[in-house]
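Here is a short briefing to read with the structure open beside you. It begins with one loop residue, then widens to the whole chain and comes back to a handful of other residues.

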Amino acid sequence: MSRIRVVIAKPGLDGHDRGVKIVARALRDAGMEVVYTGLHQTPEQIVRTAIQEDAAAIGLSILSGAHMTLFAKVIELLKENDADDITVFGGGIIPEADMPELEAMGVARVFTPGATTQEIVEWVRSAVPARV
C-alpha cells in the first residue's frame with residue numbers, strides 16, 4: 001500500500017516549532033509518512049531532503065515574516081531540480097494580502113492560525129498523491 005510522504009520543515013531563523021510538530025504528528029497519525037527536518041533549515045536543505053525522500057509534498061511552517069522569500073526559493077529550487085511535481089503548502093503567520101501572490105507562485109495552500117489539524121490532514125489527503 002502506498003502512503004503519502006510529506007517533508008515538514010521550518011525554514012529560516014524561526015525557532016518556534018511546537019505547532020509544526022503537532023501538524024507532523026497529526027499527518028503521521030493519519031497514516032502518512034512524515035519527515036520532519038527540524039529547525040533552521042535552508043531552502044536548499046529542504047528541497048534536497050524532499051528529493052532524497054521521494055516526497056510528494058513539502059509543508060513549510062513560517063512564523064518569521066520571511067514567507068514570500070522562503071516559499072519562492074523552495075519553488076525555484078524544485079523547478080531547477082525537475083521536482084516541481086512536489087506539492088508545496090504551508091502555514092504560519094502569513095497576511096491575507098500575501099495569499100494571492102503565494103498562490104500565483106505555486107504554493108498550493110496556506111493554513112493560518114486557527115486551522116485545525118483535521119482540516120490540514122483532509123486537505124493533504126485530497127490534494128497530494130501517494131507515491132508507490
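Let's begin with Glu53, which counts as partly exposed because its relative accessibility is 29%, between the 20% and 50% limits of that class. Please keep in mind that this is a predicted model. Glu53 sits in the loop between H2 and S3, and the bullets below pick up the story from there.

**The loop between H2 and S3**

- Apart from residues up to four places away in sequence, Glu53 touches Arg5 and Val35.
- Arg5 and Glu53 are 48 residues apart along the chain, yet 8.0 Å separates their C-alpha atoms.
- Asp54 is found in this loop too, which runs between helix H2 (43–52) and strand S3 (57–62).
- Asp54 counts as partly exposed, because its relative accessibility is 40%.
- The backbone of Asp54 deserves a look: its phi is near 55°, a positive value in a residue other than glycine.
- As background, most residues other than glycine have a negative phi.

**A second loop with a positive phi**

- Asp82 also has a positive phi without being glycine, with a value near 50°.
- You will find Asp82 in the loop between helix H3 (67–80) and strand S4 (87–92).
- Is Asp82 buried or exposed? With a relative accessibility of 70%, Asp82 counts as exposed, since the class begins over 50%.

**The chain as a whole**

- The protein chain contains five helices and five strands.
- In sequence order these elements give the pattern β-α-β-α-β-α-β-α-β-α.
- The chain is as compact as a globular protein of its length, because its radius of gyration of 13 Å is close to the 14 Å that the globule rule gives for 132 residues.
- Along the principal axes, the C-alpha atoms fill a box of roughly 40 × 35 × 25 Å.
- How much of the chain is buried? The share is 45% of the 132 residues.
- Many contacts reach far along the sequence: of those between residues at least 6 apart, 71% join residues at least 24 apart.

**Surface and charge**

- About 6800 Å² of the protein chain is exposed, and carbon and sulfur atoms supply 50% of that area.
- The chain carries 13 positive and 18 negative side chains.
- The centres of the positive and negative sets lie 8 Å apart.

**The annotated domain**

- The UniProt record, an unreviewed entry, gives the annotation "domain: B12-binding" for residues 3–131.
- Over that range the chain is 42% helix and 19% strand.
- The C-alpha atoms at the two ends of the range are 6 Å apart.

**Ile4, before the first-numbered strand**

- Ile4 lies in the segment before strand S1 (5–9).
- Ile4 counts as buried, because its relative accessibility is 9%, which falls under the 20% limit.
- Which residues does Ile4 contact, leaving aside its neighbours within four places in sequence? They are Met32, Glu33, Val124, Arg125, Val128, Pro129 and Ala130.
- Between Ile4 and Leu27, 23 residues apart along the chain, the C-alpha separation is 9.3 Å.

**Leu27, in helix H1**

- Leu27 belongs to helix H1, which covers residues 18–29.
- Leu27 is buried, because its relative accessible area is 0%.
- With neighbours within four places in sequence left aside, Leu27 is in contact with Val6, Ile8, Met32, Val34, Ile120, Val121 and Val124.
- One of those partners, Ile8, is 19 residues away along the chain, with 9.9 Å between the two C-alpha atoms.
- Met32 and Val124 are among the contacts of Leu27, and both are also among the contacts of Ile4.

**Val74, in helix H3**

- Val74 is part of helix H3.
- Val74 is buried too, because its relative accessible area is 0%.
- Val74 touches Pro43, Val47, Ile58, Leu60 and Val88, with residues up to four places away in sequence not counted.
- Among these partners, Val47 falls in the range of helix H2 (43–52), and Ile58 and Leu60 fall in that of strand S3 (57–62).
- From Val74 to Glu33, 41 residues apart along the chain, the C-alpha atoms are separated by 21 Å.

Notes: Residues numbered from 1 in each chain as written. Predicted model: local features only at pLDDT ≥ 70, side-chain atom pairs only at ≥ 80, totals over all residues. Heavy atoms only, no water. Helix = DSSP H or I, 4+ residues; strand = E, 2+ residues; numbered from the N terminus. Rg over C-alpha atoms; globule rule 2.2 N^0.38 Å. Buried < 20%, exposed > 50% of the residue type's maximum accessible area, 1.4 Å probe, protein only. Contact = heavy atoms within 4.5 Å. Areas by Shrake-Rupley, 256 points an atom, 1.4 Å probe, with all protein chains shown as cover. Lys, Arg positive; Asp, Glu negative; His and termini not counted. Charge placed at Lys NZ, Arg CZ, Asp CG, Glu CD. UniProt positions renumbered as here; feature names shortened; annotations may be inferred.
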